[in-house]
Amino acid sequence: MDLGYGEYINISACLRMPYNTSKVFELLNELELKNTQFQEVTILLISPSVVNYDLVWEGAEEITQNFSYKLLEQYVLSSLDMVIDHCIPARMIINFLDTDSYEVSISLNFQKIEEETQQIIRQEKFKHIEQLALNIFKAISPVYALLGIEKSVIGLNGIINDFFSFPTDKV
């Protein structure tokens, strides 16, 4: 799934190690309550009971398949493509930050919502996303949590060719 370029809404939460499959399932349950369809999932071929920072960063093997809860019981989630509320493409990613914590983040393309939607519908979608984030934070009790907007760039070639008309020096 291609989320496109631009600005993203990020729902991000930091959890303490060890990796907890039940926390991931609670998060997925909150997403399902908002009419989310899960699509492709990328898993690390590591058992959730033994996963740690070193195993992940040494280069764990990954595979991508259609979503199933059975896969997530057996292996560690790396990323999951989804569509929230039948119309908002999103991606969930799990990053192992250090030996003590991991981050679960969900990114949605803010710019697409902003450009493609009438104002009243857009406001409803933003309220919907904010409530989803608050429900997720309550369900998984993170060490810290964030709901915010993030910008992306197309890469060095885009910057060099003034794709975004940034007031920067040429590389």
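Good morning. I begin with a hairpin: strand 4 and strand 5 are joined with 3 residues between them, and in that turn Asp85 has a positive phi of about 55 degrees. Please bear in mind that this is a predicted model.

The two strands of this hairpin, strand 4 at residues 76–84 and strand 5, run antiparallel and are connected by 6 bridges. Within this pairing, Ser79 stands opposite Ile93 of strand 5.

Strand 5 also has a partner on the other side of the sequence. A second hairpin leads from strand 5 to strand 6 through 4 residues. Strand 6 covers residues 101–109, runs antiparallel to strand 5, and shares 7 bridges with strand 5. Here Phe96 has Tyr102 of strand 6 as its bridge partner.

Let us now turn to the side chains of strand 5. Which of them are buried along residues 88–96? Ile88, Ala90, Met92, Ile94 and Phe96 point to one face and are buried, whereas Pro89, Arg91, Ile93 and Asn95 point to the other face and are not buried. In a regular strand, side chains alternate between the two faces of the sheet.

Finally, I come to the largest pocket, which holds about 150 Å³ of space. Its lining includes Leu44, Val56, Trp57, Ser78 and Glu62, together with Ile93, Ile94, Asn95 and Phe96. Helix 2, at residues 53–57, and strand 5 are the elements that give two or more residues to this lining. Which element provides the largest share of the lining? That element is strand 5, with 4 residues. By residue class, the lining of the largest pocket comprises 7 nonpolar, 3 polar and 1 charged.

Thank you for your attention.

How values were computed. Residues are numbered from 1 along each chain as its sequence is written. This is a predicted model: local features need pLDDT of at least 70, side-chain atom pairs count only at pLDDT 80 or more; totals for chains, interfaces and linings use all residues. Side-chain values use heavy atoms; hydrogens and water are left out. Buried means under 20% relative accessible area, exposed over 50%, partly exposed in between (1.4 Å probe, protein chains only). Two strands pair if DSSP finds at least two bridges between them. On a 1 Å grid over the protein atoms alone, a cavity is a set of points where a 1.4 Å probe fits but cannot get out, and a pocket is an open set with protein on both sides within 12 Å along at least five of seven lines; lining residues have an atom within 4 Å of a point. Grid points are joined across faces, edges and corners, and a volume is the space filled by probe spheres set on the points. Ala, Val, Leu, Ile, Met, Phe, Trp, Tyr, Cys and Pro count as nonpolar, Asp, Glu, Lys and Arg as charged, and the others, Gly among them, as polar.
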